[in-house]
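I sat down with this model to look up how its strands are arranged. My notes follow.

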Amino acid sequence: MAELLTLEEAQRLVLERATPLPAEPVPLERAAGRVLVEAARAVVDLPPFPSSAMDGFAVRASDTPASLPVVFRVAAGRPAPQPLQPGEAMGIATGGVIPEGADAVIPIEYVVDRDNEVEIGEAVKTGENVRPQGGDLRAGDEVVAAGTRLGPAQLGALAAAGVAEVACGAVPRAAVLATGTELRRPGEPLAPGEVYEANGLILEAQLRSAGASVERLAAVADDEDAHRDALARGLEHDVLVTSGGVSVGPHDLVRAIEAELGVDEVFWRVAVKPGKPVSFGVRGRTLVFGLPGNPVSSLVGFELFVRPAVLALQGHADPLPPYEPGRLAAAAKRNAVRDQLVRARTRAGDDGAVELEPLAGQESHMIARAAGADALVFLPRGEGELAAGSPVRYLRLA
């Protein structure tokens, strides 16, 4: 039997074939979660005018300390009607336009304000509490880089910079198909030998969280015609993800029927636990993933292979899983020949570092145990075990 692919090699083969979809213009109001394919640049300086960083009084620094008449009070959005003259002060709100002639703002809590006269007891420095025009960025500057997935902070920056529309990768269209005669929908009665189908729902949620639109096809029995019809429909999408039917049993039909339908298999079986019998192929631009039927294997296989592909289709600059550093809270045994992803709970250590406590029951069918996990700990293949306190990498589970 052929040697198993390494995890890194399998991911490389996936990403080589996950070429970005065409770009499309997207109004900023609908761009949350989308991936920029062109850098977004500021329309205006930010801030667009010199503004006050505090509620207080706009003054000429050279006039302080002093008692100065308050000749106007500047509200945000309403500039002063005339320049500030020597020996004058103007009240000003946070974000208000610095009057022409003023070069500093003294906070309201540092002065005595009475009868339209302000007493300033100490000298103010030039530029104090003044936000200069363009101090954040200038018109034409890059606000968000290409390849970035847009979250709240990026959207806020773009809105403040006057950007109304952004160029994003198209939303990948994905289909999910669970296979197996034994599968029933939750709520239906179970006959002997039957189980409730969970993988389709898991994979749909994962695909949506990666930015795809999803059609979840009805689960199909272990029947060639049923498989053929469902797989043909799934292959009309940008991504097809199947669950079950990719091993070597007599009822594992997925890979053979996909081959009949023109899918070119790139690999089958990867040196990872759980999820060894994962398959990947292509038909035209359609990416085809065959994940194992055990729910945890399916969940892990998605994070390692499918999510990176879906992000890459949208033009994400760094689509591979974002590992974070942590340390084991308890010893964990390694697998001699396969990298492992171990379900764990995170907690804060006394020094603030993330500690990871592996859960009991790591078998790939134990999806109920996975509900208590918020992390997947990466254990590289090798002999023996990693002791408690060993540094490790982990993936967050949403």
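I started with a sheet that turned out to be open, built from six strands in the order 7-4-6-5-9-8. The pairing in it is mixed. I'm working from a predicted model here, so no experiment stands behind these entries.

Next I looked for the edges. They are strand 7 (104-107) and strand 8 (111-114), and each has a single partner strand, so one side of each goes without a neighbour in the sheet. I also looked up the turn between neighbouring strands of this sheet: it averages 35°, direction ignored.

Then I picked one pair to follow. Strand 5 (residues 66-74) and strand 9 (residues 117-120) run antiparallel, with four bridges joining them. Which residue of strand 9 does alanine 66 stand opposite? I found isoleucine 120 there.

On to another sheet. Six strands make up this open one, and I read their order as 16-13-17-21-20-18, with mixed pairing. At its edges I have strand 16 (213-216) and strand 18 (264-268), each pairing on one side only. Neighbouring strands here are turned by 20° against each other on average, again with direction ignored.

I followed a pair in this sheet too. Strand 20 (residues 279-283) runs antiparallel to strand 21 (residues 286-291), and five bridges join the two. For serine 279, I noted glycine 290 in strand 21 as the bridge partner.

Last entry: what packs on this sheet? I found helix 6 (residues 295-313) there, touching strand 17 (239-243) and strand 21. The direction of helix 6 makes about 170° with that of strand 21.

Notes: Residues numbered from 1 in each chain as written. Predicted model: local features only at pLDDT ≥ 70, side-chain atom pairs only at ≥ 80, totals over all residues. Heavy atoms only, no water. Pairing = 2+ DSSP bridges. Axes fitted to C-alpha atoms, helices over the stretch in contact; angles between N-to-C directions. Contact = heavy atoms within 4.5 Å.
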